[in-house]
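Thanks for making the time this morning. I would like to walk you through one structure, slowly, and please stop me if anything is unclear.

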Amino acid sequence: MSKWNLKVFGLVAEEKVLSYKEVMQLPRRTFNNDIHCVTTWSKLDNEWEGIAVQEVLQGIEIKPEAKYVMLHAEHGWTTNLPIADFMRETSFFGLKHNGALLTPEHGYPLRMVVPHLYFWKSAKWLRGIEFMASDKPGFWERNGYSMYGDPWKEERYDFD
Ligand SMILES: Nc1nc2c(c(=O)[nH]1)N[C@H]1C(S)=C(S)[C@@H](COP(=O)(O)O)O[C@H]1N2
Ligand SMILES: [Mo]
């Protein structure tokens with residue numbers, strides 16, 4: 001894992017790159033949630049081990065004009081969400097799911113988990129967090145998915 005790191009950039013006073021070791025040394029806790037996918041399935045009663053968003057942002061000064069976040073995953077995959085949703089108490093960086101390390105398929109070593117939005121906002125293989133002043137579409141959002149993705153309002157696609 002010597003090449004993996006997590007970069008915090010965009011509208012911050014100073015860019016920060018956390019190494020794998022630094023991320024793994026951050027305090028962790030358990031998160032329990034239900035997840036909703038856009039294709040109508042849900043994963044109920046998940047138990048995760050993860051890192052609170054605030055732990056990763058410790059010591060990082062976010063500029064007041066930052067209102068949105070772009071999550072950057074391996075190979076250029078991205079997804080956008082408002083900063084308030086990213087920083088919600090229930091959002092976190094997941095390392096283990098139901099007792100086991102994330103498998104490569106599910107985002108090893110670290111994935112975002114934003115349980116109150118559709119699961120496509122939960123970037124797997126996370127590598128970067130970019131703070132932005134205005135909203136920009138990520139990968140699926142450019143291809144018609146909702147900019148926000150509220151499962152309770154069934155905000156799936158922005159075609160109409
Ligand atoms: N990096 C990355 N993250 C991603 C995706 C992706 O294609 N690439 N797909 C999203 C979508 S559409 C869903 S439904 C969930 C699926 O997560 P799972 O494979 O753990 O079920 O991951 C989300 N995160
Ligand atoms: Mo999905």
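I will begin with the ligand and its pocket, and then turn to two points in the backbone.

Please keep in mind throughout that this is a predicted model, and that what I quote has been computed from it.

Let me start with ligand 1, which has 13 residues around it, the closest being Ala 73, His 106, Arg 111, Ser 122 and Lys 124. If we sort that shell by class, we find 8 nonpolar residues, 2 polar ones and 3 charged ones. Three of the closest residues also place polar side-chain atoms by the oxygen atoms of the ligand: for His 106 the distance is 2.6 Å, for Arg 111, through an N or O atom of its side chain, the distance is 2.7 Å, and for Lys 124 the distance is 2.5 Å. Ligand 1 would expose 530 Å² if taken alone, and 82% of that is buried by the protein.

Where does ligand 1 sit? Its place is in the largest pocket, which holds about 350 Å³ of space. That pocket is lined by 18 residues, and those closest to its centre are Arg 111, Phe 119, Trp 120, Lys 124 and Trp 140. By class, the lining comprises 11 nonpolar, 3 polar and 4 charged residues.

Now to the backbone, and here a little background helps: most peptide bonds are trans, and most residues other than glycine have a negative phi. Against that background, the bond joining Tyr 108 and Pro 109 is a cis peptide bond, with omega at about 5°, and Pro 109 belongs to the loop between β8 (100-101) and β9 (111-113). The other point is Asn 98, a residue other than glycine whose phi is positive, near 45°, and which lies in the loop that runs between β7 (92-97) and β8.

That is what I wanted to show, and I am happy to go back to any part of it.

Methods. Residues are numbered from 1 along each chain as its sequence is written. Chains are lettered from A and ligands numbered from 1 in the order in which they are written. This is a predicted model: local features need pLDDT of at least 70, side-chain atom pairs count only at pLDDT 80 or more; totals for chains, interfaces and linings use all residues. Side-chain values use heavy atoms; hydrogens and water are left out. A residue is near a molecule or strand if one of its heavy atoms lies within 4 Å of it. A polar contact is a pair of N or O atoms within 3.5 Å; within protein, one must be able to donate a hydrogen and the other to accept it, and residues adjacent in sequence count only if both atoms are side-chain atoms. Accessible areas come from the Shrake-Rupley method with a 1.4 Å probe; for residues, only the protein chains shown count as cover. On a 1 Å grid over the protein atoms alone, a cavity is a set of points where a 1.4 Å probe fits but cannot get out, and a pocket is an open set with protein on both sides within 12 Å along at least five of seven lines; lining residues have an atom within 4 Å of a point. A molecule sits in a cavity or pocket if more than half of its atoms lie within 2 Å of its grid points. Ala, Val, Leu, Ile, Met, Phe, Trp, Tyr, Cys and Pro count as nonpolar, Asp, Glu, Lys and Arg as charged, and the others, Gly among them, as polar. Grid points are joined across faces, edges and corners, and a volume is the space filled by probe spheres set on the points. Helices (H or I, at least four residues) and strands (E, at least two) are DSSP runs, numbered from the N terminus.
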